[in-house]
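Q: Please take a close look at the nonpolar interior of this predicted model. I would also like the neighbouring helix packing to be treated in the same account.

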Amino acid sequence: MDEGDDDEAPVAGQAVPVVVDITHIVTEDESGLRIDKVASQVFADFSRVQLQGWITDGSLLYNGSVQKPKVRVKAGDVLHLSTTLQQHSEDQPENIDIDVVYEDDDVLVINKPVGMVVHPGAGNHTGTLVNALLYHYPQQHHLPRAGLVHRIDKDTSGLLLIGKTKPAQMALMEQLKDKSVYRHYQCVVAGDQASLLRHRRIDAPIGRHRTQRTKMTVMTAGREAVTHLLNVTPLNDNYCLLDVGLETGRTHQIRVHLSHVTHPLVGDRVYGGRRQLRAGLTEAQRQAISNFPRQALHAYTLGFVHPVTGEDIEVTTPLPKDMQQLIAVLSDGYDDE
């Protein structure tokens, strides 16, 4: 969700079984609709995929028997859902400050600081955004990943989208899949403007590295990955500020794609290496690049269709101070030439 929407999150703690037992009698208004359509309306806390699975495996019965999802219902028919869920959240609420940039009854947008892990996992059971959400929004406890729709890396700063209800979360995740959510990032990269402009659209599949399992790489057997360079602003002859749009959301996508075209992000120890240092740097600039402690990447714009009102929402947040300072050092004296 850095850009990478496809990693399943490990969950801290032991799963807690929750019994679901709900009966619904079909109304006149619902008569003639497919079973799966009625189920998605009346059992709105569950996803369409979950419900279709339950119709198929007999957890959701139609008049006491298993039927295909496409069968059409009549008034007075009975839908009965009986299943056991493994409830996710043994994650603990923690009083950690969060920066809320947009909020209503259904949706939350957070500006995540550098260094904060998004959700608990191996080695990170506390101090995460999920722990903070559970403290400030205790009702998120029953939602998968406390309502998170996507994620960004620990050392990437910027905007994250969160559903405050199950229907809102599921609708936003569907939007992410069909690309009606858009995410724009700003990043500082090694490379001159002319070279970068030759890579306005980077279309290169990404998969997990065969030997270094924590890394991603461009590979023919990978999943489709498309990155757009929307704007290229030179900071000096060999470094630029990019405005990047994601068409897909593979793990580490921006970092992998820019490294692949030989223009790595400043501060990216995993995908950048020595190629971050280009010719013609002052000592101050060389130090600023060498000492920058993270990938210089910030999720600054998030756009989506509101899951309830249908309104187009766009949220933006400015660059964090560390990136502003890096840009100031790299562009020092450039405009005077």
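A: The following account begins with the nonpolar interior and then turns to helices and a loop residue.

In this predicted model, the largest nonpolar core has 34 residues. Those with the most contacts inside this core are Cys 187, Leu 242, Ile 254 and Leu 258. Both strands and helices give two or more residues to the core: the strands are strand 5 (107-112), strand 6 (157-163), strand 7 (182-190), strand 11 (226-236), strand 12 (239-246) and strand 13 (297-305), and the helices are helix 3 (129-136) and helix 6 (253-260). Helix 3 supplies the largest share, namely five residues.

Cys 187 merits a separate description. When residues up to four places away in sequence are not counted, Cys 187 touches Cys 240, Leu 241, Leu 242, Val 244, Ile 254, Leu 258, Leu 265, Ala 296, Leu 297 and Met 323. A second, separate core comprises 16 residues, including Tyr 239, Val 266, Met 323 and Leu 330. Met 323 thus belongs to this second core and is also among the residues that Cys 187 touches.

Helix 6 is mostly covered, with seven of its eight residues buried. The buried residues of helix 6 are Gln 253, Ile 254, Arg 255, Val 256, His 257, Leu 258 and Ser 259. Two of them, Ile 254 and Leu 258, are listed among the residues with the most contacts inside the largest core. Just after helix 6, Thr 262 adopts a positive phi of about 65°.

The packing of helix 7 (residues 283-291) against helix 8 (residues 321-330) is considered next. Their axes come within 9 Å and cross at roughly 150°; the two helices are therefore roughly antiparallel to each other, since an angle over 145 degrees is assigned to that class. The crossing of helix 7 past helix 8 is left-handed. On the helix 7 side, Ala 284, Gln 285, Ala 288 and Ile 289 meet Leu 326, Val 329 and Leu 330 of helix 8. By class, this contact has six nonpolar residues, one polar residue and no charged residues. Leu 330 of helix 8 takes part in this contact and is also included in the second core.

Finally, a loop residue may be added. Ser 59 lies in the loop between helix 2 (48-57) and strand 2 (60-62). Ser 59 counts as buried because its relative accessible area is 15%, where the cut-off is under 20%. Leaving aside neighbours within four places in sequence, Ser 59 is in contact with Trp 54, His 80, Leu 81, Ser 82 and Thr 83.

Note on methods. Residues numbered from 1 in each chain as written. Predicted model: local features only at pLDDT ≥ 70, side-chain atom pairs only at ≥ 80, totals over all residues. Heavy atoms only, no water. Core = buried A, V, L, I, M, F, W, Y, C linked by side-chain atoms within 4.5 Å. Buried < 20%, exposed > 50% of the residue type's maximum accessible area, 1.4 Å probe, protein only. Helix = DSSP H or I, 4+ residues; strand = E, 2+ residues; numbered from the N terminus. Contact = heavy atoms within 4.5 Å. Axes fitted to C-alpha atoms, helices over the stretch in contact; angles between N-to-C directions. Parallel < 35°, antiparallel > 145°, perpendicular 65-115°, else oblique. Left-handed = near helix turned anticlockwise from the far one by under 90°. Nonpolar A, V, L, I, M, F, W, Y, C, P; charged D, E, K, R; others polar.
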